[in-house]
Structures are given as structure tokens and as C-alpha cells.
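Trainee: I've got a new model open. Can you walk me through it?
Mentor: Sure. Have a look first.

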Amino acid sequence: MEKIMQVYYKLYEIYGPQGWWPIVNNKTLLCEYHNNAPKNESEALEICFGAILTQGTQWYPNVVRAIQQLKLGRPFKKQELEVITRAEIRQAEISGNGEKVTKKAILTQNTNWKNVEKAIIQLNKNNLIDIEKILKINNKKLALIIKSSGYHNQKAKKLKNFSLFLIENYNGNINEFFNNSVKKLREELLSINGIGPETADSIILYSAKKPIFVIDAYTRRIMGRVGFKEDTYDGLQGLFMKNLNNNGLRSKCRLPSICEHLISFERTRQGGCPSRGTNEVGARNRNRKVCGFLSMSPCANYNQMRTDGNPKHKRDFERSHNNERLFNEYHALLVELGKNICKKKPLCSKCPINKMCNYLAAFKIF
Ligand code: SF4
């Protein structure tokens with residue numbers, strides 16, 4: 001199944017590492033992309049809550065706003081909302097994720113960035129990324145806090161159901177829960193009222209960091225258009241999981257130039273992406289705290305680094321052989337394509353995978 005990997009390589013080449021799952025910074029309340037989240041229990045829980053809140057809505061701005069308010073412990077006041085929106089606009093511009101952010105919007109803001117930053121730091125007074133606090137808070141208040149995510153009354157109950165499950169079965173210890181096998185994690189998550197396959201798999205992949213492929217609406221749409229016949233959740237998931245394997249990729253790596261790039265990315269990590277400023281991808285990655293080194297299959301050069309005696313390189317190599325990284329990056333890349341290019345009305349002329357897409361060939365768009 002070469003095509004499935006060609007799609008990955010092409011998207012990776014164009015978009016670079018995505019650093020999912022984004023975590024809201026406690027101090028600034030802004031989303032940050034790293035390639036090593038979750039680093040602690042609180043971040044793991046935040047990802048679980050994010051996966052629940054993403055159901056039936058868009059990650060940005062709806063879920064981001066809900067998570068910010070959970071961290072704050074109350075809904076934003078009107079004035080604060082304006083401040084945070086400006087900060088998000090600025091951050092989106094910096095990270096290159098500002099598809100909804102026009103230059104005009106940036107130019108119309110008159111507030112000094114430093115003042116915005118100070119104001120946001122003051123916002124983080126309480127912390128609701130906490131199972132016990134979620135269970136204690138009144139349903140209506142919780143629903144109000146997560147209102148921006150849509151279906152807020154239902155989602156408030158789902159957050160409580162999830163928290164109650166952890167308390168009753170694992171004494172509130174999420175790490176203990178994540179010690180289970182993928183199969184058991186999935187079974188138990190699906191037994192919680194309000195958690196379906198996509199949410200369960202998101203929690204397993206992004207929070208528990210275990211290898212399972214997440215199928216969402218973007219994945220279905222893109223892969224269907226590209227020409228894969230599977231359209232059920234399980235069928236499509238099976239297709240990815242059967243055909244993606246980092247171990248198998250090692251001998252098949254045909255893009256040494258990307259591996260070279262990743263190695264040099266690692267070497268110049270402190271200084272940011274070596275291609276910065278030279279193209280759109282470089283500019284996008286400039287301020288992302290992610291490293292593509294962990295995300296690609298290794299080529300000969302990569303193998304040399306593995307055996308160079310540096311324990312960090314060895315660790316990175318081992319992690320690159322874990323399918324979880326590949327599944328994580330692939331899914332995030334599909335989200336990026338689906339959000340910006342392969343929309344309901346696709347922008348095929350701008351699409352990096354248009355040469356391998358059946359939809360385009362069928363409609364002879366250009
Ligand atoms: S070529 Fe068009 S339809 Fe195909 S994946 Fe790209 S945007 Fe979607």
C-alpha cells in the first residue's frame with residue numbers, strides 16, 4: 001500500500017511536523033504545540049477533556065476557548081474575551097496557523113502585545129483540569145464554562161462521566177488507567193456514556209501515547225477523495241494500521257533529503273528550523289517547539305546517528321520506531337489538510353497531494 005505512505009511523505013514534506021496534541025499554556029492561556037505532550041498528569045487529563053469537547057465541533061476556536069475557560073475556572077468576561085481573542089490572533093500569526101486570521105485583523109489591533117501578555121497571565125487564577133474539581137462543580141456552571149464548544153450541557157455530563165469513571169475504577173489516577181493495553185483502554189473508554197470510537201482513540205493516541213489510528217471527518221473525506229474505498233470507521237482504521245509500520249518503512253525510505261533535513265533540524269534545534277524563512281513551511285515551523293526528527297522513518301544517515309553513542313539519539317531512534325509517533329503525525333497532517341485545503345469545497349489547485357488524488361482526476365478540475 002504505497003499510496004498511503006506517499007500521501008504521508010508529501011504532506012510531511014509540505015507541512016512539516018505538527019506537534020499534536022496542542023496544550024494550553026497555564027500562564028498565557030494560549031495553545032502551544034510540542035511533540036512530547038503530555039508531560040504530566042494534568043496535560044494528559046487536558047487532552048482527554050479536549051478529546052471529549054471536540055465531539056461535533058471545531059477544535060479552533062470552540063474547544064480551545066472551552067479549555068481556556070476550564071483552566072480559568074469560570075467563563076470569560078466580555079473584556080477578557082476580547083483580550084484573549086487578540087492574543088490568539090497574534091499567536092496564530094506567529095505559528096503560521098492563522099487561516100482565519102487576515103493581515104487586516106492584525107493591523108487593526110492597537111493593543112501593545114506586552115500589555116496583552118500581562119493581562120492574560122493574570123487570567124489563570126483557577127484550574128479546572130482536575131477530576132475532583134470537575135465532579136464538584138455545579139453542572140450548569142461547568143456547562144457555561146465550556147459553552148463555546150457547543151452541546152455544552154451534554155459535554156458537561158460527559159466530562160463528569162469520564163471523571164467519575166477514573167475515580168471509581170482507578171482512584172483518580174490516570175497513569176494507572178493508561179498502563180492498560182490498547183485493547184483494554186478502548187473497551188473501557190467505550191463503556192463510558194458519551195465516549196465513542198473517535199474520542200476513545202484520540203485519548204489513547206494523544207494522551208496515553210499508544211498506537212491506534214484516529215479516524216475523523218477530515219480523514220474520511222480526504223482518503224475517500226484520494227481513492228481509498230473503505231468508508232466505515234473500523235475499515236478505514238484497519239487500513240491505516242495494517243499498512244503503516246515504521247519498522248517496514250526503514251528499508252523503504254525514499255526521501256533521504258527529508259531525513260537529512262530532519263537531522264539538521266535536530267542539530268540546530270535550539271535555533272529553530274534550518275529552513276526557516278526559505279519557504280512557507282520553514283516560516284510555519286519557526287516558532288513551533290516541535291522537532292521532525294522523531295516523526296519520520298530513518299534512512300541511512302539516521303541510522304548513523306543512532307549508533308553515534310549519543311544516548312539521546314538512541315532514545316529518539318527508538319521512539320521513531322514506535323508507530324504511535326507515525327499515527328500521531330499522520331492524523332495531525334490530515335487535519336491540517338482537511339481544515340485548510342480539502343474542505344467541503346476543495347481547493348485542489350493548492351493541494352500538495354493533488355497528483356495522487358482520484359477526485360481531481362475524476363472531475364478533471366485542471
Ligand atoms: S486534490 Fe482536492 S479532493 Fe484531492 S485531497 Fe487534494 S483538495 Fe482534496
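Mentor: One term to begin: helices (H or I, at least four residues) and strands (E, at least two) are DSSP runs, numbered from the N terminus. This is a predicted model, where local features need pLDDT of at least 70, side-chain atom pairs count only at pLDDT 80 or more, and totals for chains, interfaces and linings use all residues. Residues are numbered from 1 along each chain as its sequence is written.

Trainee: OK. How many helices and strands does the protein have?
Mentor: There are 21 helices and 2 strands.

Trainee: I see a ligand. Which residues come nearest?
Mentor: Cys-342, Pro-346, Cys-348, Cys-351 and Cys-357, out of 14 around the ligand. A residue is near a molecule or strand if its C-beta atom, placed from the backbone, lies within 6 Å of it.

Trainee: Which helix gives the most to that shell?
Mentor: α13 does, with 3 residues. α13 covers 217-226, and α21 (358-363) also supplies at least two residues.

Trainee: What classes of residue are in the shell?
Mentor: The shell has 12 nonpolar, 1 polar and 1 charged residues. Ala, Val, Leu, Ile, Met, Phe, Trp, Tyr, Cys and Pro count as nonpolar, Asp, Glu, Lys and Arg as charged, and the others, Gly among them, as polar.

Trainee: Back to α13. How does α13 sit against α20?
Mentor: The axes of α13 and α20 (residues 323-340) come within 9 Å and cross at roughly 80°. That makes the two helices roughly perpendicular, a label for angles of 65 to 115 degrees; under 35 is roughly parallel, over 145 roughly antiparallel, and the rest oblique. Axes are lines fitted to C-alpha atoms, for helices over the stretch in contact, and angles run from 0 to 180 degrees between N-to-C directions.

Trainee: Which residues meet there?
Mentor: Tyr-218, Thr-219, Arg-221 and Ile-222 in α13 meet His-331, Leu-334, Val-335, Leu-337 and Gly-338 in α20. Contact here puts C-beta atoms, placed from the backbone, within 7 Å.

Trainee: New topic. How much of the protein is buried?
Mentor: Buried residues make up 37% of the 366. Buried means 20 or more other C-beta atoms within 10 Å of a residue's own, exposed means 12 or fewer, and partly exposed is in between; C-beta atoms are placed from the backbone.

Trainee: And the largest nonpolar core?
Mentor: That core has 68 residues, and Leu-11, Cys-48, Phe-49, Leu-70, Ile-203 and Leu-333 touch the most other members. Helix α2 (residues 41-53) gives the most, with 8 residues. Such a core is a set of buried Ala, Val, Leu, Ile, Met, Phe, Trp, Tyr and Cys residues joined through C-beta atoms within 7 Å.

Trainee: What does Phe-49 contact?
Mentor: Ile-67, Leu-70, Ile-129 and Leu-159, leaving aside neighbours of Phe-49 within four places in sequence.

Trainee: Is α12 covered or uncovered?
Mentor: Mostly covered: 9 of the 11 residues in α12 (residues 197-207) are buried. The cover includes α2, α11 (182-190) and α20.

Trainee: Why does Ser-207 count as buried?
Mentor: Because Ser-207 has 24 other C-beta atoms within 10 Å. Ser-207 touches Pro-38, Ala-44, Ile-47 and Cys-48, not counting residues up to four places away in sequence.

Trainee: What comes just after α12?
Mentor: Lys-209, with a positive phi of about 55°. Lys-209 lies in the loop between α12 and α13. Lys-209 is partly exposed, with 18 other C-beta atoms within 10 Å.

Trainee: What about Asn-171?
Mentor: Phi of Asn-171 is positive too, near 55°. Asn-171 sits in the loop between α9 (152-170) and α10 (174-178). Asn-171 is exposed, with 9 other C-beta atoms within 10 Å.

Terms used: Contact = placed C-beta atoms within 7 Å.
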